[in-house]
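Here is a quick tour of a fold, meant to be read with the coordinates open beside you. Have a look at the model first, then follow along.

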Amino acid sequence: MTTPEASTAQSGPVPPADRLLDVEGLEIQFVTDLGWTTVVEDVSFSLSAGETLGLVGESGSGKTVTSLSLMGLIPSPPGRVSKGSIRLEGRELVGMSQRKLNAIRGEEIAMIFQEPMTSLNPAFKVGDQIAETYRRHRRVSRKEAARQAVRVLDKVGIPNAERRARSYPHEFSGGMRQRAMIAMALVCDPKVVVADEPTTALDVTIQAQVLELMGWMRDELDMALIFVTHDLGVVADICDRVVVMYAGQIVEEASIRDLYYQPQHPYSSALLAAMPQQVSRTQSTELASIPGSPPAPGTFPVGCRFHPRCEYARDKCTQGEIGDLIRLRELSNGQTSRCVRVDEIELQGAR
Ligand SMILES: Nc1ncnc2c1ncn2[C@@H]1O[C@H](COP(=O)(O)OP(=O)(O)OP(=O)(O)O)[C@@H](O)[C@H]1O
Ligand code: SF4
Ligand SMILES: [Mg+2]
């Protein structure tokens, strides 16, 4: 694991002029047996050019749903963005027509999924699929689009890119397919790339190579990256700032360094304590061993949603501050925490 000292990022609000993406008060609902059920609530964060923001939390915390909403990809029905705003360079994406969203998707904001076959069609050659994505956004000849496809395949480290562009997805190994999907995301030079657990399905060696590639994207192509993961080791390697999600809410936002050495929410501290001591790029560091399990949507407790699992819980933690919710507090260094006892408790960081 790269030590968090290497990060120069500061907590605190990003100056508005540099902001690419502004998410404010996002709420997402799905129809379930209980009717419209809120799965993501009161989510706000921003992203500036060249920055990498980690989105971390246990399974079901709302990372994928939040990521999909940035691309206008919440399936409707059964889902909807029921409140809030997502602005890309000032343009509101919530409520935008599908035609306009199609023009933005891939061109300005692109997504890399955990499973490459979500993006790659098994029936078409890899190069043709990437070229097609390029032609959807640029008025160029087929020949030029094919050239661009080979260019990005080469860029992401596919050997013999010209020949491999003529292969079908099943002729690629898992790691190569993931690289091809990254190439597809990069072909139009988007400003923002959202990567949802892009390395989870890969074996550890390939995982390390793909992470290196993502780091290169961030550094050389100056792209803003949202990196969704379970893995705090990966977060330390690649991210500047991190948003920790629990039960559909952000519970803490901090620079990597602050999160690791002075977490300000008991959930973040518990995640750090659950992390193996020696973490490296070749080890998987699943968030596993916090006792208990997160509540399902529709059963979120009033007040702090973490209170049934929190060793610091007191009566005041079980009361809402805004309706049923605890508000997110901004601390003096710009770090934020959704803990009512943040000033009373001393939390342990990474050991
Ligand atoms: N189509 C859907 N219909 C109903 N509920 C959904 C749907 N998609 C997601 N959800 C619910 O939204 C919540 C958040 O799911 P999400 O997939 O965003 O979690 P996640 O943090 O990405 O988890 P994981 O780490 O397992 O990928 C979950 O409780 C999930 O059950
Ligand atoms: S608000 Fe209370 S229950 Fe929630 S994290 Fe803080 S101390 Fe724990
Ligand atoms: Mg997910």
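A strand here is a DSSP run of at least two E residues, numbered from the N terminus, and two strands pair if DSSP finds at least two bridges between them. Bear in mind that this is a predicted model.

With that in hand, take Ala195, which sits opposite Phe227 in strand 8. The two strands there, strand 7 (residues 192-196) and strand 8 (residues 224-229), run parallel and are joined by five bridges. Strand 7 also has strand 6 alongside: four bridges link the two, again in parallel, and Ile109 faces Val192 across that pairing.

Zoom out and you find an open sheet of eight strands, ordered 6-7-8-3-9-10-12-11, with mixed pairing. Strand 6 (109-112) and strand 11 (329-330) are the edges, each pairing on one side only. Is strand 6 covered or bare on its two faces? Both faces are covered, with Ile109 and Met111 buried on one side and Ala110 and Ile112 buried on the other.

Part of that neighbourhood is helix 6 (residues 174-186). Helix 6 lies across strand 6 and strand 7, running at about 175° to strand 6. Of its 13 residues, 12 are buried, so helix 6 is largely enclosed by the rest of the structure. The buried ones include Arg177 and Arg179 as well as Ala183 and Leu186. What do they pack against? The partners are strand 6, strand 7, helix 3 (126-137), helix 4 (142-155) and helix 7 (204-220). The length checks out too: at 1.5 Å a residue helix 6 should span 18 Å, and its end C-alpha atoms are 19 Å apart, which agrees.

Now for the greasy part. The largest nonpolar core has 93 residues, and Ala149, Ala183 and Val193 have the most contacts inside it. Helix 6 supplies the largest share, eight residues. Domain 1 (4-8 + 18-108 + 190-337) and domain 2 (118-189) both contribute residues, so this core lies between them. In soluble globular proteins, nonpolar side chains tend to be buried together. Val193 shows who meets whom: leaving aside neighbours within four places in sequence, it is in contact with Ala110, Ile112, Ala185, Met217, Met223 and Leu225.

Just ahead of helix 6, Ser167 is in the loop that follows helix 5 (161-164). Ser167 has 16 C-beta neighbours inside 10 Å, so it counts as partly exposed. Setting aside residues up to four places away in sequence, Ser167 touches Lys125, Val126 and Phe172. Its C-alpha atom is 9.4 Å from that of Asp128, although the two residues are 39 apart along the chain.

There is a second sheet to look at. Four strands make an open, antiparallel sheet in the order 2-1-4-5. Strand 2 and strand 5 (91-92) are at its edges with a single partner strand each, so one side of each has no neighbour in the sheet. A hairpin takes strand 1 into strand 2 through two residues, and Arg19 has Ser48 as its bridge partner in strand 2. At the other end of the sheet, Leu88 has Arg91 in strand 5 as its bridge partner.

Here are some of the strand pairs side by side.

| Strand pair | Sense | Bridges |
|---|---|---|
| strand 1 (residues 19-32) and strand 2 (residues 35-48) | antiparallel | 10 bridges |
| strand 4 (residues 79-88) and strand 5 | antiparallel | two bridges |
| strand 6 and strand 7 | parallel | four bridges |
| strand 7 (residues 192-196) and strand 8 (residues 224-229) | parallel | five bridges |

Notes: Residues numbered from 1 in each chain as written. Chains lettered and ligands numbered in written order. Predicted model: local features only at pLDDT ≥ 70, side-chain atom pairs only at ≥ 80, totals over all residues. Core = buried A, V, L, I, M, F, W, Y, C linked by C-beta atoms within 7 Å. Buried ≥ 20, exposed ≤ 12 C-beta atoms within 10 Å, placed from the backbone. Domains from an automatic or database assignment. Contact = placed C-beta atoms within 7 Å. Axes fitted to C-alpha atoms, helices over the stretch in contact; angles between N-to-C directions. Expected span 1.5 Å × (residues − 1).
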